[in-house]
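Got your viewer open? Grab the mouse, and we'll take a walk from one selection to the next.

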Amino acid sequence: MSSSIGERAASMVRKDDQGGFPPQQQDPPGLTATMEPIPDHGEETYVGHGRLEGLKALITGGDSGIGRAVAIAYAREGADVAINYLDAEQSDAEDTASWVRKAGRNAVLVPGDLTERATCDRVIADAVDGLGGLDVLVNNAGFHWDKGPGEGLEGLTDDNIERVVRTNLQAVLWLCRAALPHLASRSSIIITTSIQAYDPSPALLDYAATKAALNNLTVNLAQSLGPKGIRVNAVAPGPIWTPLQPATRETKKIETFGSDTPLGRAGQPGEVAPAYVFLASPSDASYVSGTVLGVTGGQAVF
Ligand code: NAD
Ligand code: MG
């Protein structure tokens with residue numbers, strides 16, 4: 001009998017009694033195969049119960065990390081899944097697709113850089129074509145930069161501000177707008193925000209601001225789309241072990257990553273996915289809209 005993902009996560013990620021990870025670095029966007037340890041996306045543990053039977057979901061950033069764990073969980077709950085990712089992540093995307101297909105569901109690959117509005121429109125159109133419709137839009141792609149040249153305002157380069165704001169915020173507006181004509185009553189939108197929306201780090205000034213804006217957008221969209229029967233919610237993860245971390249954070253921050261949470265460790269992507277399943281479920285979450293669900297290892301989300 002395999003242990004639960006929480007038990008395995010706790011034993012596999014602790015470098016020492018303080019939590020943290022072995023020193024390692026990657027260039028963005030980062031790939032799963034070179035991480036040490038490889039994140040746990042629930043491959044061996046997630047058991048579906050038909051909660052999303054017959055639904056069609058698009059997950060941006062679905063190749064790796066939280067997005068991959070959501071794709072695996074959605075497929076095992078009975079959903080067909082389209083995933084969007086960057087061209088450089090083709091190998092990760094194919095791995096995720098193979099898990100979706102192993103679950104007996106349709107996997108659709110929709111690569112494209114979401115910092116361009118035309119690409120967002122095309123990604124929605126291709127996902128709708130490939131899936132035969134759209135019931136759940138998971139806006140999960142995101143980017144931050146925490147490798148210098150410094151913290152706070154002095155560390156913000158124009159290129160990074162542009163990339164962070166376009167990826168995390170502008171793309172979400174473009175994707176939601178393009179998806180809306182395809183979403184019927186009982187559909188939903190889920191947005192990945194962050195603990196950074198509540199407890200911002202000076203090193204992630206721009207990123208934290210986009211995540212706070214996404215919380216605001218979640219509440220606001222829930223109001224405007226509620227009359228159409230479309231629910232809008234968000235998940236705010238705490239520190240989660242994904243390629244984003246070694247790709248965008250300095251080594252010294254990797255070595256202690258997650259150790260300052262009340263649970264004393266980073267989470268694994270597979271520990272976040274059940275929140276996305278709940279929020280997507282038309283029966284379990286039928287009256288849940290405009291909420292942000294924290295999965296933070298104990299850090300406060302208010
Ligand atoms: P990840 O690197 O596995 O996933 C992020 C994905 O974003 C990438 O796989 C990539 O496909 C996608 N992406 C980035 N820029 C893109 C672009 N221009 N066009 C298309 N796709 C793009 O890391 P993750 O941690 O699973 O990140 C998923 C989400 O979770 C992000 O929104 C991130 O901000 C958020 N988040 C992560 C943590 C954490 O500690 N890992 C904590 C809070 C929130
Ligand atoms: Mg990736």
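Which residues of strand β4 (residues 136-139) lie on one side, which on the other, and are they buried or exposed? Select the strand and turn it around slowly. V136 and V138 sit on one side, L137 and N139 on the other, and all of them are buried, so both faces of β4 are covered. One thing to keep in mind as we go: this is a predicted model.

**Stop 1: the neighbours of β4**

Keep β4 on screen and add strand β1 (residues 56-60). These two strands run parallel and are joined by three bridges. To find one pair, click L58: its bridge partner in β4 is L137.

Now add strand β5 (residues 188-192). β4 pairs with β5 too, in the parallel sense, over four bridges. L137 turns up again here, with I189 as its bridge partner in β5.

**Stop 2: the magnesium ion**

Next, select ligand 2, the magnesium ion. Which protein atoms are its donors? They come from D63 (OD), S64 (OG) and E89 (OE), and they lie 2.1 to 2.2 Å from the ion. Along the sequence, the donor residues follow the spacing D-S-x24-E.

Are D63 and S64 buried or exposed? The cut-off for buried is under 20% relative accessible area. D63 has 1% relative accessibility, so it counts as buried. S64 has a relative accessible area of 11%, so it is buried as well.

**Stop 3: ligand 1**

Now select ligand 1 and show the residues around it. You should get 31 residues, and the closest are D63, S64, E89, Y207 and T242. You've already met three of those names: D63, S64 and E89 are the donors of the magnesium ion.

What kinds of residues make up this shell? By class, there are 12 nonpolar, 15 polar and four charged ones. If you colour by secondary structure, look for α2 (65-76), β2 (80-85), α6 (205-225) and α7 (244-248), each of which supplies at least two residues of the shell.

Zoom in on some polar contacts, one at a time:

- T242: an N or O atom in its side chain is 2.7 Å from an oxygen atom of ligand 1.
- N140: here a backbone N or O atom lies 2.8 Å from an oxygen atom of the ligand.
- L244: a polar backbone atom is 3.2 Å from an oxygen atom of ligand 1.

How much of ligand 1 does the protein bury? Taken alone, the ligand exposes 800 Å², and the protein buries 97% of that.

**Stop 4: V164 and Y207**

Go to helix α5 (residues 158-179) and pick out V164, which belongs to it. With a relative accessible area of 0%, V164 is buried. Now add Y207, which you saw among the closest residues to ligand 1. V164 and Y207 are 43 residues apart along the chain, but their C-alpha atoms are separated by 6.2 Å.

For a contrasting pair, select E94 in helix α3 (residues 90-102). E94 is partly exposed, with a relative accessible area of 43%. Draw a line from its C-alpha atom to that of T192: they are 98 residues apart along the chain and separated by 22 Å.

**Stop 5: a glutamine in a loop**

Where is Q268? Look in the loop between α8 (251-255) and α9 (273-280). Despite being in a loop, Q268 counts as buried, because its relative accessibility is 0%. Follow its side chain: it reaches the backbone nitrogen of D40 at 2.8 Å.

**Stop 6: some unusual backbone**

Most residues other than glycine have a negative phi, and most peptide bonds are trans. With that in mind, try the loop between α1 (5-13) and β1, where P29 lies. A cis peptide bond joins P28 and P29, with omega about 5 degrees. P37 is found in the loop between α1 and β1 too, and the peptide bond from E36 to P37 is also cis, with omega near 0 degrees.

Finish with R186, in the loop between α5 and β5. What is phi here? Phi is near 80 degrees, a positive value in a residue other than glycine. R186 has a relative accessible area of 55%, so it counts as exposed.

Methods: Residues are numbered from 1 along each chain as its sequence is written. Chains are lettered from A and ligands numbered from 1 in the order in which they are written. This is a predicted model: local features need pLDDT of at least 70, side-chain atom pairs count only at pLDDT 80 or more; totals for chains, interfaces and linings use all residues. Side-chain values use heavy atoms; hydrogens and water are left out. A residue is near a molecule or strand if one of its heavy atoms lies within 4 Å of it. A polar contact is a pair of N or O atoms within 3.5 Å; within protein, one must be able to donate a hydrogen and the other to accept it, and residues adjacent in sequence count only if both atoms are side-chain atoms. Accessible areas come from the Shrake-Rupley method with a 1.4 Å probe; for residues, only the protein chains shown count as cover. Ala, Val, Leu, Ile, Met, Phe, Trp, Tyr, Cys and Pro count as nonpolar, Asp, Glu, Lys and Arg as charged, and the others, Gly among them, as polar. Donors are N, O and S atoms within 2.8 Å of the metal (3.2 Å for Na, K and Ca); water is not among the atoms, so sites may look incomplete. Buried means under 20% relative accessible area, exposed over 50%, partly exposed in between (1.4 Å probe, protein chains only). Two strands pair if DSSP finds at least two bridges between them.
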